[in-house]
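Subject: Structure handover and findings

Hello,

Here is the structure I said I would pass on. Please load it first, then read the notes below.

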Amino acid sequence: MNLTSENILLVGSLLLLVSIVAGRTSYKFGVPTLILFLGVGMLAGSDGILKIEFNNPGLAQFIGILSLNFILFSGGLETRWKSVQPILGQGIMLSTVGVLLTAVFLGVFVWYVTDFTIFESLLLGSIVSSTDAAAVFSILRSKNLELKENLRPTLEFESGSNDPMAYVLTTTFLGLVQIPDQDLLGVIFIFLKQIILGGILGFIFGRLSKIIFNRISLGFEGLYPVLAIALMYITFSGTEALGGNGFLAIYVAAVYLGNHSFIHKGSVIKMFDGLAWLMQIVMFLTLGLLVNPSETIPLMGIGLLISVFLILVARPLSVFLGTLPFKMSFARRSYISWVGLRGAVPIVFATYPMLAGLEKANIIFNIVFFISVTSVLIQGTTLSMVAKWLNLASEQPAENEENPADAIKREHPRAVMQEIFIPEDCYVVDKKIVDVDFPSNAIIAMIKRKDKYITPNGSTQIEGNDTLIVISDNTQVMDEVRNALELES
């Protein structure tokens, strides 16, 4: 089947639906959703059931870059600086030195066991050197895995910030494969320039985005998420145009925004969470369509050998050596080593050699695909088990978990918020919220009940000793709220 303008929406929407349904049921069998998305794409591809012909690495790369912007931005918005600050040094070392060491260790091993040149081997090592943000964010958050020793912020920060390093290494060694006698100092200068400019410009664009959000008046709440998308891509493309790394800039800008108050922040975060999932599905489906299992299967032997070395040797060595300056338990280092998930990002990076026309580009692509699949299957399905085995799984909520009432204040900085206690003899006890004559310009954002917060809807019954968290646009409305509840002002 060939994709045309007439059938692409039908085929695309059906594949999305199948992916969502498959992903919804996959965790009953312990299979990460990302593998299901890839599987659906492969089944629909040229070697699969639908026989869809898709052989366009350039388009796949473009879709991957667009998708990665959303994934990194969404992850950055939900990264709490309070959680990241204590582990910032460790995270930076893992996302820079750790990635470099992984690329070198794996590259030397590939050079030893294959007929690749040293630069081709280091190129392959660079492509799979970073942990995948989409895989780490989605698996950790969907499993609701609570970890001791501030591990979760470390893992999420590393995965969100180490793609730029892998990207720079990939483009650097790709250039060396094509022109082996490049000036080493020039390569190092470009490398440092991309990283430093990416970080600085990300911070600047983040501050500018916050100012624009809080000073512009769009009139419609639905336009603010659209504004966020525009600012996100301006950050990425502007940084790239100035010679910095756009992926790093996106993540830094999102972390800055996510830790400051701006108008309609809640709506923006919720929309990006949904779009990040959509982009993950689209990216994995596209890459699944691009892969031909008939080309991957003959490379399973060498692919498995390289994958096992990466999981059991290269990643642990890079983590243990990269974190030597920090006091850290053996269990913590071991778990960080195990959560070295590879996903769609290495597959996207593997399209660069294909577009450059390298002789071994298809072999590299298929090996990288096999590494990504085995990583998510082996490591992604065992995160909870290994955490318990290392005694790092926590039954308690994370210490730095934000109070929901504080989150509401951040999301609605210009709104008036009050916590109203409902005594047991109040007339609204046992009534549904929809049955209370509540002012139209005030809402019950949350209810605190027995030290737990619940998000109510119209059918939620109010109980005695509840604390209603009410927000409105002015103080006078709060008097109307108390009157409606028949409480003293």
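Why is helix α6 (residues 118-127) largely enclosed by the rest of the structure? Because eight of its ten residues are buried. Those buried residues are Glu120, Ser121, Leu122, Leu123, Leu124, Gly125, Ser126 and Ile127. Their cover includes α5, α9, α15 (300-322), α17 (344-349), α18 (351-356) and α19 (361-378).

One caution before the rest: this is a predicted model.

**Overall picture**

The protein chain holds 22 helices and four strands. It has 489 residues, and 54% of them are buried. The exposed surface of the chain comes to about 22000 Å². Carbon and sulfur atoms supply 62% of that area. Take the contacts between residues at least 6 apart in sequence: 79% of them join residues at least 24 apart.

**The second largest pocket**

This one may interest you for modelling. The second largest pocket contains about 470 Å³ of space. Its lining is made of 19 residues. Nearest the centre are Trp81, Leu88, Phe157, Leu248 and Val252. Five elements are listed as giving two or more residues each to the lining: α5 (88-113), α8 (151-161), α9 (163-178), α10 (184-215) and α12 (246-258). Which element gives the largest share of the lining? That is α12, with five residues. By type, the lining residues divide into 13 nonpolar and six polar. No charged residue is in the lining.

**Helix α11**

Helix α11 covers residues 223-241, which is 19 residues. From first C-alpha to last it reaches 27 Å. That is close to the 27 Å expected at 1.5 Å a residue. The buried residues of α11 are Tyr224, Pro225, Leu227, Ala228, Leu231, Met232, Thr235, Phe236, Gly238 and Thr239. They pack against α3 (57-77), α10, α12 and α13 (265-290). Note that α12 also appears in the pocket lining. Just after α11 comes Gly243, with a positive phi of about 95 degrees.

**Three buried residues**

Start with Val345, in helix α17. Is Val345 buried or exposed? Its relative accessibility is 2%, so Val345 counts as buried. Leaving out residues up to four places away in sequence, Val345 touches Leu68, Asp132 and Asp163. Its C-alpha lies 9.5 Å from that of Tyr167, and the two residues are 178 apart along the chain. Recall that α17 is part of the cover over α6.

Next is Glu156, in helix α8. Glu156 has a relative accessible area of 8%, so it is buried. How far apart in space are Glu156 and Gly76, C-alpha to C-alpha? The separation is 9.2 Å, for residues 80 apart in sequence.

Last is Val386, in helix α20 (residues 383-389). Val386 has 11% relative accessibility and therefore counts as buried. The cut-off is under 20%. Tyr335 and Trp338 are touched by Val386, again not counting residues up to four places away in sequence. Between the C-alpha atoms of Val386 and Ala331 the separation is 10.0 Å. Those two residues are 55 apart along the chain.

**Two backbone points to check**

Most residues other than glycine have a negative phi. Two residues here go the other way.

- Asp430 is not a glycine, yet has a positive phi of about 75 degrees. Asp430 sits in the loop between β1 (416-421) and β2 (442-449). With 53% relative accessibility, it counts as exposed.
- Asn465 also has a positive phi of about 75 degrees and is not a glycine. Where does Asn465 lie? In the loop between β3 (452-454) and β4 (467-472). Its relative accessible area is 40%, so Asn465 is partly exposed.

**In brief**

Helix α6 is largely enclosed, with eight of ten residues buried. The second largest pocket has a lining without charged residues, and α12 gives the largest share of that lining. Asp430 and Asn465 each carry a positive phi without being glycine.

Best wishes

Key. Residues are numbered from 1 along each chain as its sequence is written. This is a predicted model: local features need pLDDT of at least 70, side-chain atom pairs count only at pLDDT 80 or more; totals for chains, interfaces and linings use all residues. Side-chain values use heavy atoms; hydrogens and water are left out. On a 1 Å grid over the protein atoms alone, a cavity is a set of points where a 1.4 Å probe fits but cannot get out, and a pocket is an open set with protein on both sides within 12 Å along at least five of seven lines; lining residues have an atom within 4 Å of a point. Grid points are joined across faces, edges and corners, and a volume is the space filled by probe spheres set on the points. Ala, Val, Leu, Ile, Met, Phe, Trp, Tyr, Cys and Pro count as nonpolar, Asp, Glu, Lys and Arg as charged, and the others, Gly among them, as polar. Buried means under 20% relative accessible area, exposed over 50%, partly exposed in between (1.4 Å probe, protein chains only). Contact means heavy atoms within 4.5 Å. Accessible areas come from the Shrake-Rupley method with a 1.4 Å probe; for residues, only the protein chains shown count as cover. The expected span of a helix is 1.5 Å times one less than its number of residues.
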